[in-house]
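User: Could you take one part of this model and walk me through it slowly? I'm new to this, so plain words please.

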Amino acid sequence: MSTIDLRSDTVTLPTPSMKRVMEEALLGDDVFAEDPSANSFQEKMAKMFGFDAGLFVPSGTMSNQLALKAITDPGDEVLIESKGHIIQYEAGGASVLSGVQLFPIIGSNGKLNARSIPDYVRGAHDWEPRTRVVCLEHSTNKGGGAVYTWDELLEIRSVCNDCNLLLHIDGARIWNAMMATGQKPSDFGALADTLSICFSKGLGAPIGSMLLSDERTIAKARRFRKMWGGGMRQIGMLTAAADYAVEHHWPKMKQDHINAKLFAGEINKIPDFSVDLDAVQTNIVIFNTGKREASEVITLFADQGIRMVPFGKYLVRATFHFQITTEQVTTLITTMYQLFSE
């Protein structure tokens with residue numbers, strides 16, 4: 001029985017062509033800033049997204065945490081939607097590493113509403129923390145892959161300007177967001193103060209994210225990357241894989257989104273199962289399992305070689321990626337009907 005792995009888009013494996021590019025990469029010592037492949041790729045991504053500089057790091061978590069470290073002071077407060085990755089999945093790193101506190105705001109599908117932000121800005125009194133940063137996730141993870149429209153992003157940027165706040169965007173799946181919305185990468189440099197982008201999810205590289213910002217912020221982040229054990233040596237093999245993924249795998253995301261919406265459209269036909277179809281905008285589907293606990297549903301799927309993850313007692317997440325074929329999606333839907341139709 002072949003496995004259909006929908007646990008995450010991080011389960012993608014390097015393709016033979018990607019491996020060849022990795023083998024042929026020019027290498028040097030990146031701690032000395034002498035890896036030509038890494039330097040070239042950092043410059044390429046910075047230019048692509050409209051920033052001055054970039055810093056390749058092992059993970060999206062490190063990229064987000066470096067951003068907060070570089071643009072805050074201890075005691076500052078960071079506003080974030082309650083489902084955001086930085087507050088949900090980064091092991092409390094912001095408080096430990098940067099000495100800041102995260103203030104969760106309940107939004108919609110993991111998204112903040114610009115009009116709500118001013119109500120939470122603090123710092124006028126000595127006993128209040130100073131609100132310093134707004135963090136967005138684009139697209140959202142626990143929000144089911146929902147994306148911000150460009151107008152929504154511009155409105156949040158305007159509020160940040162009015163309230164003297166910095167804007168960090170966690171773009172772990174920004175490639176999916178851009179594919180879904182048609183947003184241009186070059187526009188983000190004028191929108192965000194810091195941006196984290198990831199190459200090891202739907203793009204299919206084996207490892208790596210990048211922090212993008214101005215040169216001063218990146219220089220500061222580079223120092224903390226070393227302090228935190230993230231200084232690496234011949235990383236050109238990794239940046240070569242990431243570069244290949246951007247050039248060759250990004251266009252494949254269109255089909256991932258089609259597959260996700262196809263699956264989501266069938267879920268509501270199953271008794272007791274439900275999904276918010278409007279929230280399925282990219283490659284993630286989070287569905288409610290009704291009377292059955294998520295653990296039971298996941299076990300029944302797993303017995304048929306289909307792997308998903310729980311996202312709550314009665315919620316299951318399925319994440320599509322370019323190594324899930326159209327034939328596998330058909331098998332997935334057929335299996336779902338066999339298991340759960342009355």
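Analyst: Sure, let's zoom in on strand β6, residues 166–171. Six of its six residues are buried, so β6 is largely enclosed by the rest of the structure. Keep in mind that this is a predicted model.

How does that look from each side? In a regular strand, the side chains alternate between the two faces of the sheet. Here, L166, H168 and D170 belong to one side of β6, while L167, I169 and G171 belong to the other, and all of them are buried. In other words, both faces of β6 are covered.

Now for the strands that pair with β6. One of them is β5 (residues 130–137), which runs parallel to β6 and is joined to it by five bridges. To find a spot where they meet, look for V134, which stands opposite L167 in β6. If you trace the chain from β5 to β6, you pass through helix α6, residues 150–162. That β-α-β crossover is right-handed.

Another partner is β7 (residues 194–198), also parallel to β6, with four bridges joining the two. Here you can pick out D170, whose bridge partner in β7 is S196. The chain gets from β6 to β7 by way of helix α7 (residues 174–181), and this β-α-β crossover is right-handed.

So, to put β6 together: its two faces are covered, β5 pairs with it through five bridges, and β7 pairs with it through four.

Key
Residues numbered from 1 in each chain as written. Predicted model: local features only at pLDDT ≥ 70, side-chain atom pairs only at ≥ 80, totals over all residues. Heavy atoms only, no water. Buried < 20%, exposed > 50% of the residue type's maximum accessible area, 1.4 Å probe, protein only. Pairing = 2+ DSSP bridges. Right-handed = clockwise from strand over helix to strand, strands pointing away.
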